[in-house]
Amino acid sequence: TNLTYQAPLVIQQSVITGSTTLTDFPVLITEANIPDDFKDSDLFQSDGGDIRFFSDSGGVTAIPCEVVSFAGNSTPASATAEIWVKVPSVSPTVDTSIYMRRTTGTGHTQPAVGAAAGRNAVWNGSYVAVWHGDDSTDSTGNAHTLTASDADATFGGAGKVGDALNLGSSGAATGYFNAASAADLDNQTAYTWQAWAKILTA
């Protein structure tokens, strides 16, 4: 018989800047935020296919999550995770709790990417494209697939969190990534690009 276990994850109000409540906000969950038992591959499926998140302790309201990568380990301290969860409301004045559930057994898979609690739903309509660096996939479902320019541009480099896009390791590198022209990328009068980047010296 498979058993389901639950752990609360708390977003402390002290880490929220400003005075406005954040709505439908994508929150990054890494191995540092997950209890050791929930990373133990002797207890749960090592690829995290069984991971689910809920906004309530009763497990009634599922919230969208994207498991970009998860590698459980029989030594939980060696496990790794990059998971994005769309939290309905994050308060700057009180702590916010969400609930992570895992189920024993094997054969579990994440919800379909287009499902209500699936990958695409993490990123609302304000996100035109989201790339995590592990591959060419656009996580919004808008299909803005990346293409590498040459051998200097590679997916799956070592990132601060999970994988990264690698543009080359020397000053002579010429790598870049390209997304094909599309109306929602091209016809923007105002937009924000966000990336975590490590700049190498020549």
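Which strand does threonine 30 lie in? Threonine 30 lies in strand β2. I start there and work outwards. One caveat for everything that follows: this is a predicted model.

Threonine 30 counts as buried, at 14% relative accessibility. If you leave out the neighbours within four places in sequence, threonine 30 is in contact with Ala81 and Val161.

Take alanine 81 next. Alanine 81 is in strand β5 and is buried as well, its relative accessible area being 6%. Again leaving aside neighbours within four places, the contacts of alanine 81 are Ile29, Thr30, Glu31, Ile34, Ser69 and Phe70. As for valine 161, it is 80 residues away from alanine 81 along the chain, and the two C-alpha atoms are separated by 8.4 Å.

Now the sheet around these residues. Strands β2, β5 and β4 form an open sheet in the order β2-β5-β4, with antiparallel pairing. The edges are β2 and β4, residues 65–71, each of which pairs on one side only. On average, and ignoring direction, neighbouring strands here are turned by 20° against each other. Between β2 and β5, residues 80–90, there are eight bridges, and these two strands run antiparallel. To fix the register on your screen, find isoleucine 29, which stands opposite isoleucine 83 in β5.

One backbone remark while we are in β2. Most residues other than glycine have a negative phi. Aspartate 24, found in strand β2, has a positive phi of about 50° although it is not a glycine. Its side of the accessibility scale is partly exposed, at 31%. There is another case in the loop between β6 and β7, where alanine 143 is placed. Alanine 143 is not a glycine either, and its phi is positive at about 65°. With a relative accessible area of 61%, alanine 143 is exposed.

On to the other sheet. Here three strands form an open sheet in the order β1-β6-β3, and the pairing is antiparallel. Its edge strands are β1 and β3, each pairing on one side only. The average turn between neighbouring strands of this sheet, direction ignored, is 30°. β1 and β6 run antiparallel and are joined by eight bridges. As a register marker, valine 10 has serine 97 in β6 as its bridge partner.

Which residue has a side chain that makes a polar contact of 3.1 Å with the side chain of threonine 103? That residue is threonine 4. Threonine 103 itself lies in strand β6. Beyond its neighbours within four places in sequence, threonine 103 is in contact with Asn2, Leu3, Thr4, Phe44, Asp50 and His108.

Phe44 in that list brings us to the rings. How many aromatic pairs does the structure hold? It holds seven. One of them is tyrosine 5 with phenylalanine 44, an edge-to-face pair with 5.8 Å centre to centre and 80° between the planes. Tyrosine 5 is in strand β1, residues 4–11, while phenylalanine 44 is in the loop between β2 (22–30) and β3 (52–54), so this pair ties together parts that are 39 residues apart in sequence. The two partners sit in different classes of accessibility: tyrosine 5 counts as partly exposed at 38%, and phenylalanine 44 is buried at 5%.

A further pair is formed by tryptophan 131 and tryptophan 193. Their ring centres are 6.4 Å apart and their planes are at 15°, so the pair counts as stacked. For reference, the centre-to-centre limit for a pair is 6.5 Å, and stacked means planes under 30 degrees apart. This pair links distant parts of the chain, 62 residues apart: tryptophan 131 is in the loop between β6 (96–103) and β7 (146–148), and tryptophan 193 is in the segment after α1 (183–186). Tryptophan 131 counts as partly exposed at 23%, whereas tryptophan 193 is exposed at 63%.

Two last items on rings. Ring pairs link Tyr5, Phe38 and Phe44 into a cluster. And the ring of phenylalanine 54 has the charged end of arginine 101 sitting over it, 5.2 Å from the ring centre.

That is all I have on the two sheets and the rings.

Definitions and conventions: Residues are numbered from 1 along each chain as its sequence is written. This is a predicted model: local features need pLDDT of at least 70, side-chain atom pairs count only at pLDDT 80 or more; totals for chains, interfaces and linings use all residues. Side-chain values use heavy atoms; hydrogens and water are left out. Rings of Phe, Tyr and Trp (its six-membered ring) pair if their centres lie within 6.5 Å; planes under 30 degrees apart count as stacked, over 60 as edge-to-face and the rest as tilted. Helices (H or I, at least four residues) and strands (E, at least two) are DSSP runs, numbered from the N terminus. Buried means under 20% relative accessible area, exposed over 50%, partly exposed in between (1.4 Å probe, protein chains only). A charge sits over a ring if NZ of Lys or CZ of Arg is within 6 Å of the ring centre and within 35 degrees of the ring normal. A polar contact is a pair of N or O atoms within 3.5 Å; within protein, one must be able to donate a hydrogen and the other to accept it, and residues adjacent in sequence count only if both atoms are side-chain atoms. Contact means heavy atoms within 4.5 Å. Two strands pair if DSSP finds at least two bridges between them. Axes are lines fitted to C-alpha atoms, for helices over the stretch in contact, and angles run from 0 to 180 degrees between N-to-C directions.
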